[in-house]
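Visitor: I have a model open and would like to walk through it with you. Could we start with the hydrophobic interior?
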Amino acid sequence: VECCDAAVRAARPRPGLLGLDCGCGTGLVTLSLVRRGLRMVAVDYSRQSLVVLRSKPGAREVLAVQADVRRLPFPDGLFPRVVCANTMQHLGPG
């Protein structure tokens with residue numbers, strides 16, 4: 001949780017900005033940023049994690065995308081705020 005709180009602080013959330021959570025899991029960081037006013041896109045490889053995220057209060061505004069964070073389906077520079085918390089240890093060789 002401490003790492004997630006640090007990621008939220010580092011994102012410097014401002015209401016209305018578009019944010020990306022790479023490796024969102026079940027949405028701990030994503031939903032914290034939504035509560036601070038960011039419009040969020042949440043990416044995870046696990047469809048089941050995204051299902052859990054979508055079931056949580058506050059997730060209606062989140063666009064959940066199943067994708068590999070090593071090959072994001074978005075153009076460069078689209079997101080003014082990007083977080084990637086507790087994700088790297090889950091990535092295997094490329």
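Guide: Certainly. Please note that this is a predicted model. The largest nonpolar core has 19 residues, and Val 29, Leu 33, Met 40, Leu 53 and Val 62 touch the most other members.

Visitor: Which elements give two or more residues to this core?
Guide: Those elements are H1, H2, S2 and H3. H2 gives the most, with four residues.

Visitor: And what is Val 29 in contact with, leaving aside its neighbours within four places in sequence?
Guide: Val 29 is in contact with Cys 4, Val 8, Asp 21, Val 83 and Ala 85.

Visitor: Which residues does the second, separate core include?
Guide: That separate core has eight residues, among them Leu 18, Leu 20, Val 43 and Val 65. As general background, nonpolar side chains in soluble globular proteins tend to be buried together.

Visitor: Back to H2, then. How many of its residues are buried?
Guide: Six of the eight residues in helix H2, which spans 28-35, are buried, so the helix is mostly covered. The buried residues are Val 29, Thr 30, Leu 31, Ser 32, Leu 33 and Val 34.

Visitor: What covers the buried residues of H2?
Guide: The cover includes two helices, H1 (2-10) and H3 (47-54), together with strands S1 (18-22), S2 (39-44) and S4 (81-83).

Visitor: What phi does Gly 37 take, just after H2?
Guide: Gly 37 takes a positive phi of about 100°.

Visitor: Which residue other than glycine has a positive phi?
Guide: Arg 12 is one such residue, with phi near 45°. Arg 12 is found in the loop between H1 and S1.

Visitor: Is Arg 12 buried or exposed?
Guide: Arg 12 counts as exposed because its relative accessibility is 55%, and the cut-off for that class is over 50%.

Visitor: Changing topic: in what order do the strands of the sheet come?
Guide: Four strands form an open sheet in the order S3-S2-S1-S4, with parallel pairing. S3 (63-66) and S4 stand at the edges; each has a single partner strand, so one side of each is left without a neighbour in the sheet. On average, neighbouring strands of this sheet are turned by 20° against each other, direction ignored.

Visitor: How many bridges join S1 to S2?
Guide: Five bridges join these two strands, which run parallel. For example, Leu 18 has Arg 39 in S2 as its bridge partner.

Visitor: Where does H3 pack?
Guide: H3 packs on the sheet and touches S2 and S3, and the direction of H3 makes about 170° with that of S3.

Visitor: I have selected Leu 63. In which strand does it lie?
Guide: Leu 63 lies in strand S3. Its relative accessibility is 49%, so it counts as partly exposed.

Visitor: What does Leu 63 touch, not counting residues up to four places away in sequence?
Guide: Leu 63 touches Met 40, Val 41 and Ala 42. From Leu 63 to Ala 42 the separation is 21 residues in sequence and 6.1 Å in space, C-alpha to C-alpha.

Visitor: Now the charged side chains. How many salt bridges does the count come to?
Guide: The count comes to two salt bridges. In one of them, Arg 70 pairs with Asp 68, and the closest N and O atoms are 3.0 Å apart. In another, Arg 71 pairs with Asp 68, where the closest N and O atoms are 2.8 Å apart. Through shared partners, Asp 68, Arg 70 and Arg 71 are joined into one network.

Visitor: Asp 68: buried or exposed?
Guide: Asp 68 counts as buried because its relative accessibility is 14%, where the cut-off is under 20%. Arg 70 is at 38% relative accessibility and therefore counts as partly exposed.

Visitor: Finally, the aromatics. How many aromatic pairs does the count come to?
Guide: The count comes to one aromatic pair. It is formed by Phe 74 and Phe 79.

Visitor: What is the geometry of that pair, centre to centre and between the planes?
Guide: The pair is edge-to-face, at 5.2 Å centre to centre and with 85° between the planes. Phe 79 has a relative accessible area of 14%, so this residue is buried.

Notes
Residues numbered from 1 in each chain as written. Predicted model: local features only at pLDDT ≥ 70, side-chain atom pairs only at ≥ 80, totals over all residues. Heavy atoms only, no water. Salt bridge = Lys/Arg side-chain N within 4 Å of Asp/Glu carboxyl O. Buried < 20%, exposed > 50% of the residue type's maximum accessible area, 1.4 Å probe, protein only. Contact = heavy atoms within 4.5 Å. Pairing = 2+ DSSP bridges. Axes fitted to C-alpha atoms, helices over the stretch in contact; angles between N-to-C directions. Core = buried A, V, L, I, M, F, W, Y, C linked by side-chain atoms within 4.5 Å. Phe/Tyr/Trp six-rings, centres within 6.5 Å; stacked < 30°, edge-to-face > 60°.
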